[in-house]
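Here's a quick briefing to read alongside the model. Have the viewer open as you go.

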Amino acid sequence: MSRKITRRQMLYVIGMGTATGLVSACQSATPTMAPATQPPAATEAAGATEAPKATEAPQPTEAPKTGEPKVITYVDSAGFGSPPYRESQDPIAKALSEKMQSEGINLEFRVMLLDNPKEKYPILYASGTPFTWAFDAPWYFMNSLRDQGHLRPLETYMDQYPNIVKAISQDVIDFNYQLGHLYGLPTGFYVGGGASGVVYRKDLLDKYGMPEPKNLDDLELFLAEVQKTEKDMIPFGADDTFNVGYMSGPWRKWLPKKHGYNPGGAMVGGGIDDGLTNPPKYLGSEDLEGATVAYERARDWYEKGWVNKNVLQLKVEQTVEELFNPGKCAALAYNEAAMKAELTIQPGLQSFIPEGKAAGFAVEGPMEGATIQFSILKQWNFQVFNSHMPEEDTLAGLQFFNWLLGSQDNIDLYLFGIDGTNYKKLPDMKYADIEGVDGTTNYRRRWYVAGVPGQFERVPEQATENFMKTLAYITDLNNYMPNPLEKFEPERKVKEAELAQLTAASKEFSLPLAAGQVDVKEGMDKLTKALKDAKRDDVMAEFQTQLDKWIGDNKSEYEATLKKAQTKYEDWKNTKFAEYIKAHPEKAGTA
Amino acid sequence: MINRTLSDRIFSAFNYIVATLFTLICFIPFYTMVIASVTEKRALIRFGYQFWPSQFTLEAYQWVLRGQAVLTGYAVTVFVTLTGTLLSLTLMCALAYAMSNKKFKPRNPIAFYVYFTMIFSGGIIPWFITMRAVGLYDNIWALIVPMLMNPWWIFVLRNYFNNLPTEILESARIDGASDLQILTRIVLPLSTPVLATTALFVSVAYWNDWWHGVMLLDFADFRPLQVIILRIINNIRAIREAMSVPGSTITIDMSQIPALSIRMAIVVVTIGPIILVYPFVQRYFIHGLTLGAIKG
């Protein structure tokens with residue numbers, strides 16, 4: 001028999017029921033960034049990027065060989081062109097798991113795809129979401145996550161995973177300690193820069209009967225000819241990053257003599273004047289060698305009408321797709337121009353201009369002998385491990401990398417997918433794309449975000465001789481000087497607020513200079529004043545103190561490396577540079 | 001017949017001109033978007049936005065609609081929108097009715113509780129932890145439940161219910177009707193305008209929602225339409241940006257991908273259904289803007 005409920009009872013039931021629903025109404029009103037969590041824990045002495053201390057390494061826990069495989073989860077925290085689709089990722093994850101298990105490694109690999117990684121990735125740590133490792137970098141979230149204790153130091157485990165050490169190299173591992181610990185697996189490959197440069201229209205160059213440009217002086221002749229001959233074309237396309245001010249290297253009467261360095265990229269509005277000078281000294285940007293050279297060139301080209309007016313409104317991909325490919329500009333600055341002109345840019349240009357031909361050269365001229373640079377062993381990108389997971393989870397993740405880096409077949413599967421389905425394996429570490437396979441959804445993982453050193457990534461079959469030559473150059477340590485200051489990294493937290501102000505001031509006043517849109521002297525005065533107002537000199541003084549202390553603490557290592565660098569410099573000066581000057585007598589005595 | 005003076009006519013003409021200009025200002029972006037979505041990619045880059053496509057193509061739509069993902073996304077979004085709107089209205093009406101009943105003593109504490117959530121939230125990390133803890137993760141309910149109760153619309157509904165003639169409700173009570181009967185047979189039928197308005201706003205919110213999909217779905221093999229669209233855009237952007245990254249050897253010919261027209265086609269695809277429904281319910285929308293404004 002049913003019993004009629006009273007009005008009061010009914011209202012209570014409705015009220016209680018909806019109150020439960022209201023819990024969910026406590027949603028965050030706006031999808032904002034996670035609030036800053038607690039300040040960093042007191043860490044070791046500033047700049048202490050020491051070699052690992054000899055400690056007892058725990059034995060890696062082998063994943064169970066029988067029963068259910070242990071699941072390891074990789075957070076794809078910044079896609080970089082790795083297709084964010086389950087149907088692209090899951091078959092490869094399955095194939096990797098099956099291959100591991102068939103070889104006695106009882107792990108199951110899976111990928112967590114983030115649709116909005118910049119927001120969600122840090123929340124995963126703060127909320128305790130389970131995962132094993134992720135891509136991260138000092139320019140991404142790594143420094144703050146490290147300071148908040150979310151990343152597990154790895155140095156004590158490295159001895160147990162020989163394939164990892166062999167592939168990444170002990171040198172690279174040693175150079176990538178932060179605050180005394182190894183907070184991630186560095187992805188090493190390139191050991192030097194000097195490949196940035198200019199992509200230009202070779203078909204136009206051939207039409208004018210001009211020789212291939214090898215430096216900015218040659219390029220100026222080409223740009224002047226374009227302006228004269230092609231009435232509807234902008235000679236040089238530039239954007240907010242890759243513009244005239246961005247390029248460095250020999251230009252007219254100027255040839256760099258010093259070797260400036262900005263440890264950890266930490267200083268804004270200044271840097272160390274010359275890494276080969278002892279003691280090294282921080283200087284404001286206006287006092288560094290060649291401080292205004294790039295800005296003067298930018299202004300000169302702008303006044304000549306060689307550069308587009310909307311420099312600061314464009315991104316590099318727009319400059320390529322909207323200016324260069326449709327034939328609206330004849331040249332542009334680009335990363336690894338000599339390598340990528342024919343490989344990456346050529347197809348797009350040809351789709352608009354069938355007879356168009358793209359070529360590139362490195363503006364700094366290291367391969368010619370015009371300059372020599374410091375080697376780069378400190379890496380940009382890392383695989384970091386979640387410290388909130390049990391240690392066995394990290395060990396399972398490391399075991400995965402040890403397995404992965406132990407065989408080229410494993411690496412191919414991880415980076416390229418399944419041979420015959422996602423790519424075609426070719427001899428000599430080359431590969432071919434498969435006709436008809438959509439490049440935007442086809443599985444691919446880029447070495448520099450995947451924890452695989454670049455020498456293990458196959459190169460496209462269409463890679464040119466120029467590409468291979470440049471690649472060989474920038475991966476050979478013998479072409480560069482060792483950097484005596486590379487293990488030093490200033491502790492930024494002590495001047496965090498000032499650095500934020502400096503970044504804002506620098507952006508506001510240096511971009512118009514780099515675009516050539518303001519008078520150089522006037523612009524430099526404004527920039528310098530803004531930097532000084534933002535307490536640039538205080539930050540420099542702090543970093544100088546840290547640097548002096550670091551040198552004091554690491555005197556013998558610093559001096560030994562400095563000596564090697566100075567010797568290398570002298571050798572270069574007497575050989576390659578002497579040959580360069582012989583070929584370019586107009587540069588002799590310039591400074 | 002009313003005699004209109006010259007100044008009346010000038011004033012009317014001026015009003016018509018302003019209204020026409022304003023209409024054009026609103027219409028032209030939509031028009032440009034649709035035209036750009038059917039313009040050939042190279043023509044779009046070479047000549048910019050055009051009044052009429054110099055080279056007509058549906059390539060961008062083929063890109064957006066290829067494969068099952070967008071169709072699945074549509075199905076998910078339609079399900080979420082319909083289910084979410086229905087459940088949301090049911091729960092919010094029940095709560096609003098309870099809060100509007102003067103004989104219900106806890107109505108003020110509950111109203112304060114509801115109001116409190118309009119002003120303060122727990123923050124994104126506690127919210128994220130709570131959602132996962134109650135199982136709203138990697139399932140379809142993660143897209144529905146978090147948006148079920150909206151304090152603003154609860155108050156709008158309560159205020160509307162407050163304004164209904166108490167005599168009708170009292171007479172129903174004298175006739176022996178229970179609260180459930182009063183709510184379903186008297187209050188709701190008398191509240192069609194507010195229900196239509198609320199349903200419209202809630203359904204638009206469900207339709208447009210991408211954030212819960214992004215935050216609460218990781219391994220699920222479905223995504224709402226808005227997240228699938230976000231993925232398409234993010235993927236193309238990531239590939240374009242990665243081309244200039246040191247060390248990248250990407251060989252995809254980006255000129256074959258109509259990136260700009262894809263963006264426009266995506267907007268057309270996502271707002272299409274709402275645009276079609278809008279003319280039929282716009283009077284409720286206008287009415288909705290003034291609801292709850294008279295009596296607090």
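H4(B) and H5(B) sit oblique to each other, because their axes cross at roughly 135°, and oblique covers angles outside these classes: under 35 degrees roughly parallel, over 145 roughly antiparallel, 65 to 115 roughly perpendicular. This is a predicted model, where local features need pLDDT of at least 70 and side-chain atom pairs pLDDT 80 or more, while totals for chains, interfaces and linings use all residues. Residues count from 1 along each chain as written, chains are lettered from A and ligands numbered from 1 in written order, and side-chain values use heavy atoms, without hydrogens or water.

**Helix pair in chain B**
- The axes of H4 (residues 69-100) and H5 (residues 107-119) of chain B come within 8 Å; axes are lines fitted to C-alpha atoms over the stretch in contact, with angles from 0 to 180 degrees between N-to-C directions.
- Helices here are DSSP runs (H or I, at least four residues) and strands are E runs of at least two, numbered from the N terminus.
- From H4(B), Leu95(B), Ala98(B) and Met99(B) meet H5(B) residues including Ile110(B) and Val114(B) (contact: heavy atoms within 4.5 Å).

**Backbone oddities in chain A**
- Asn278(A) and Pro279(A) are joined by a cis peptide bond, omega about 0°, and Pro279(A) lies in the loop between strands S7 (270-272) and S8 (282-284) of chain A.
- Ser169(A) has a positive phi near 90° and is partly exposed at 27% relative accessible area.
- Leu179(A) has phi near 50°, also positive, but counts as buried at 8% (buried is under 20%, exposed over 50%, partly exposed in between, with a 1.4 Å probe and protein chains only).
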